[in-house]
Amino acid sequence: MIKKMGAAVLAILLIVLSGAFFQFQSNLIQDIRIKDGRLQIHMPEKAVCVQEKKFTFSENRNPLILQNISIFVNDKLIAQTVYQKSLRYYLPVNLFPIGDLPERLRGEVLQIDGQTYLSINDIEQALNLESRWDYTLKTISMSSGNPRLQCQRRDNAQPAMIRLEDFTAGGALLTADICMKYKIFADYLYQNNVKFHVAWIPRFVHPSEGIDNDLMFNDGIENVGFVNLMDHLINRGAVIGLHGYTHQYGESVSAEGNEISKEFNTMPEEMETLVKKGLQTAAFLNIPIDFFESPHYKATKKEQNILSKYFKVIYEPYQGTWNLNPLVSHKNNTTIFMPTPLGYVHDRDGSQMVRRLKLNQNAKMQLSSFYFHPFLEFEFIHLKPDGYSYNENSPMHRIVKALKQYGYETVTVKDFTDHLP
Ligand SMILES: [Zn+2]
């Protein structure tokens, strides 16, 4: 009798498990190729595009006038007065030979006393200028930049995905030199047609040093320089996502600590609050958000399911499933869990990732997706008074070369969500 019952339990267990397996399989996105310049995938039949739960946010502050910022163009002082709004500096367009306004602007078009003002990044973009910032002297020097040419995209290719990790207005990213190096790095990726993601931590907190850099309220030149860098990255094709809100809890430091896990912010209301604050900061700065990534991938399945109500892409594997290809949530049939099976670059020359890209070049069962800490790259970039040098032995130079050699093209989460019906 007991034996019979055991067999029955086993049979039921097998049925349940195989049901779960098929459900999981049916929601995987596989056979991913790039053809005719587009990502070719078959979305699972059940996939739907539902409206994401959105927070409403409206806060419009008046521009401030600043009279201590000196703007130079080709070494000539052209202005000492700027307007500041939402962490962007604005200059009157009549100072520049701008014909038509650029189609896509990062900042606003401000009308002040009958004059039209554009943000510094929009002026740079319109006239192909580069800016060098000095936060101590409060000077911004603009000069002609390199033409922004992109190489050709390969047609029949294997997709690869790159995410730049732990981007935040704290530590070294509050120095003008590191921001400049980040721009040079992004220009290099852009010129090589490498699409990339940036995992942004909106608020940098370092409790033991008394630092709490909330971009909604701290309007120093370092934060304006940081937003100018973000605008630059977006113009070079960066797809930005929220990487937590502070990426810490209690006394821990941003980018080191945990924020969403089985210990911290476990209540739906707590998570809702931090998601809301992150999205509010993004809306205030006009930064488009296209994914969420939990700090150290520590969100529990339950927490991931709550996050799925707000984001079309959770850029981490689904807990318990550890999918190696993108997986459409079985809970809402919309949110894509985007894994990073190739891990991250931790050596100084990128050789380990080059080997992984080689091994994975024909793989169908796992996406060639990885993440990278840009600080590894910066020691290979040297700023000079009139330009820079960029050592071709840098990890990203080697990785970009490998991507070309092994037949990859980079794609972004937006290429996937575009396929949602
Ligand atoms: Zn992180």
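This is a short tour of the structure, stop by stop, with a selection to make at each one.

**Stop 1: everything**

Start with the whole chain shown as a cartoon, and keep in mind that this is a predicted model. Colour by secondary structure and you should find ten helices and 23 strands. How does the radius of gyration compare with the globule rule for 421 residues? The radius is 23 Å and the rule gives 22 Å, so the protein is as compact as a globular protein of that length. If you draw a box along the principal axes, the C-alpha atoms fill roughly 95 × 50 × 40 Å.

Two more whole-chain numbers are handy before you zoom in. Of the 421 residues, 40% count as buried. And if you take contacts between residues at least 6 apart in sequence, 68% of them join residues at least 24 apart.

**Stop 2: the two domains**

Now give 64-144 one colour and 148-417 another: these are domain 1 and domain 2. Put a pseudo-atom at the C-alpha centre of each domain, and the two centres lie 28 Å apart. Where they touch, domain 1 contributes 14 residues and domain 2 contributes 18.

Stay on the domain 1 side of that contact. Select β7 (88-92), α2 and β10 (129-134), since each of these supplies at least two residues to the side that touches domain 2. Colour that side of domain 1 by class and you get five nonpolar, four polar and five charged residues.

**Stop 3: helix α2**

Select residues 120-127, which make up helix α2. Is this helix mostly covered or mostly open? Mostly covered: six of its eight residues are buried. To see them, show Ile120, Asn121, Asp122, Ile123, Glu124 and Gln125 as sticks. Then bring up what lies over these buried residues, which includes β7, β9 (115-119), β10, β11 and α4.

Step just past the end of α2 and you land on Asn128, where phi is positive, at about 50 degrees.

**Stop 4: α2 against α4**

Keep α2 on screen and add α4, residues 221-235. The two axes come within 9 Å and cross at roughly 35 degrees. Which hand does the crossing have? It is right-handed.

For the residues that meet, pick Ile120, Asn121 and Gln125 on the α2 side, then Asn228, Asp231, His232 and Asn235 on the α4 side. Sorted by class, this contact has one nonpolar, five polar and one charged residues.

**Stop 5: Glu130, in β10**

From α2, move on to strand β10 and select Glu130. Glu130 has 17 C-beta neighbours inside 10 Å, so this residue counts as partly exposed. Which residues does Glu130 touch, once those up to four places away in sequence are left out? They are Glu124, Met142, Ser143 and Gly145. Glu124 should already be on your screen, as one of the buried residues of α2.

Here is a distance to try: Glu130 to Lys183, C-alpha to C-alpha. These residues are 53 apart along the chain, and the separation is 9.6 Å.

**Stop 6: two positive phi values**

Next, go to the loop between β10 and β11 (139-144) and select Lys138. Phi of Lys138 is near 55 degrees, a positive value in a residue other than glycine. With 13 other C-beta atoms within 10 Å, Lys138 is partly exposed.

Then jump to Asp166, in strand β12 (residues 158-168). Asp166 is not a glycine either, yet phi is positive here, at about 55 degrees. Is Asp166 buried or exposed? Asp166 is buried, with 22 other C-beta atoms within 10 Å.

**Stop 7: Leu307, in α6**

For the last stop, select residues 301-307, helix α6, and pick out Leu307. Leu307 counts as buried, because 21 C-beta neighbours lie inside 10 Å and the cut-off is 20 or more. Leaving aside neighbours within four places in sequence, show Phe292, Ala299 and Ile314 to see what Leu307 is in contact with.

Finish with one long distance: from Leu307 to Gly107, 200 residues apart along the chain, the C-alpha atoms are separated by 29 Å.

Methods: Residues are numbered from 1 along each chain as its sequence is written. This is a predicted model: local features need pLDDT of at least 70, side-chain atom pairs count only at pLDDT 80 or more; totals for chains, interfaces and linings use all residues. Axes are lines fitted to C-alpha atoms, for helices over the stretch in contact, and angles run from 0 to 180 degrees between N-to-C directions. Helices (H or I, at least four residues) and strands (E, at least two) are DSSP runs, numbered from the N terminus. A crossing is left-handed if the near helix is turned anticlockwise from the far one by less than a right angle, and right-handed if clockwise. Two residues are in contact if their C-beta atoms, placed from the backbone, lie within 7 Å. Ala, Val, Leu, Ile, Met, Phe, Trp, Tyr, Cys and Pro count as nonpolar, Asp, Glu, Lys and Arg as charged, and the others, Gly among them, as polar. Domain bounds come from an automatic or database domain assignment. The radius of gyration is taken over C-alpha atoms; the globule rule is 2.2 Å times the number of residues to the power 0.38. A residue is buried if 20 or more other C-beta atoms lie within 10 Å of its own, exposed if 12 or fewer, and partly exposed in between; C-beta atoms are placed from the backbone.
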